[in-house]
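Subject: Structure handover

Hello,

Here is the structure you asked to take over. Please open it beside this message as you read.

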Amino acid sequence: MPSAEEIAVLVIEDDSIVRSWVRLCFRDSEMRVAGEARSAKEAEELVVRRRCDVLLVDQHLPDRLGTELVRSLRKQGVVLPAVLMTASAEQGLNETAREAGAQASVVKSSDPVRLIEVIREVLSGNGIFDVAHPRRPDGQATLAPREQQALALVAAGKTNREAAAQLGISDETVKTLLERAYVKLGAHRRAEAVLEARRRGLV
Amino acid sequence: MTGADVSRALRAEFSGEIRRRVDELAAASEAGDADDVVRRAHMLKGSAHALALPALVAAMEQLEGAYRAQPARTDEARAALAAARASVDASAPPAEAVALLSHALRTPLNVVLGFAHLLQQADLRTEERAHADAIVEAAEQIAVLIDGASGAPPAVRPTDLAAARAPAADVAPVTVLYVEDDPASARLTEEVLRRLPAVRLLVAGTGAEGLSLAERERPHLVLLDLGLPDLSGEEVLRRLREGPSVATPVVVVTGDSRPERLRELRGAGASDTLAKPVDLGRLLALVDAARPD
């Protein structure tokens, strides 16, 4: 159902299969892909160069979380509506997404209609958050921003040393931040912490 | 396109890619890298949603669950990986059939793309140039689809013929023997090599003819297609290496661009390989490099 107004969507997603899926989903709609970024870094560069109406953001980018990207874009004054995509339901993701300044969340599916509806909704000014994401339990300890950053880098496959270099802090500090994060998550090992943080929508 | 159509098209395009990702996931699990397993499983789950492969989504959830309980290659993790493989096998056409079909498609595709590239270089009106551009774009899409379905790594095809045109006119003449039974492919190569000065191209339609021309004409370079009517390409390669062409560079032109296959061919004596669809700029560079000093 083509309409008069074309909607340009910037797709920020590291999975080539999902990017192709989005392109095909838009084919018979008023939407088109204005550009594709495979990482948060590429997205930050592309968002200033390409004219677009809405951001479609994968939550688990290789270098950063989608919510962190949105947070940083908001700080830079980018007001384009943002839709966050996740591969599964993640506890507390809607709350984190709202705090970051996103307008919508959607769990990946094979349903193009759903995706297009969500994008249309946010462009009409409505927030629309996928009810599949369980609410963040009241009083659950949230990670401090630096703990979250360190854990997100580790979850993206970085070593402690690489994470330290990226955050501009010492290896030792990264270790401390991670240990604190493990305690808050009730995890003992790195992979366990990453999984738990992912389950809670923190990384 | 309905959601089912979209997912079906993507399954065809990415069947090789999904298979590769499941293999890589299994390798990560075997290597004991729990973080890597979790990351790959998570991404694959997202892909599986897009492809409408619920069994693969379930297998990835099972794997994530197993690693959450214990970040190691447990029986549960093994079972999840086996389920993932089974779901991929069930959803994709047999790899053999895909490989054969994509192999067969590469030769005609090479001709379409090659001549379209030549058209782009020709002196055309704006409108006709747009037509040529559209053909190139569509043919490149087909190439990407074939790469995806056959599990070959996507080839880089920067075919800037204008830039590859040789500048100097006083270069040493070079004789090139092209062993190729497909007349359209031979004509394409002829047209492309016409863009270089002082190239003598000999075309042999069979392996036997190729061997006798090699013996008589002593070319500086042999381009060898593998799908010949009489002898296998490997056989021709072996005999060239035994005969007078022992030191002549032999570039194998092949529709099978899987890295292991290309390695095999080099092991069998090929000096270089050109994957179809052929990067014409690279072809010109190879010919130029074969000129005698």
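Below are the notes on chain A, the contact with chain B, and the nonpolar cores.

This is a predicted model, in which local features need pLDDT of at least 70 and side-chain atom pairs count only at pLDDT 80 or more, while totals for chains, interfaces and linings use all residues. Residues are numbered from 1 along each chain as its sequence is written, and chains are lettered from A and ligands numbered from 1 in the order in which they are written.

Chain A has nine helices and six strands (DSSP runs, H or I of at least four residues for helices and E of at least two for strands, numbered from the N terminus). It has 203 residues, and 48% of them count as buried (20 or more other C-beta atoms within 10 Å of a residue's own, with C-beta atoms placed from the backbone).

The contact between the chains takes 26 residues from chain A and 27 residues from chain B; two residues are in contact if their C-beta atoms, placed from the backbone, lie within 7 Å. On the chain A side, helix H1 (16–26), helix H5 (112–123) and helix H9 (190–199) each give two or more residues.

The largest nonpolar core (buried Ala, Val, Leu, Ile, Met, Phe, Trp, Tyr and Cys residues joined through C-beta atoms within 7 Å) has 91 residues, and Leu56(A), Val57(A), Val83(A) and Leu151(A) touch the most other members. Helix H2 (residues 34–50) of chain B gives the most to this core, with eight residues. A second, separate core of 38 residues includes Leu188(B) and Val278(B).

Regards

Notes
A residue is buried if 20 or more other C-beta atoms lie within 10 Å of its own, exposed if 12 or fewer, and partly exposed in between; C-beta atoms are placed from the backbone.
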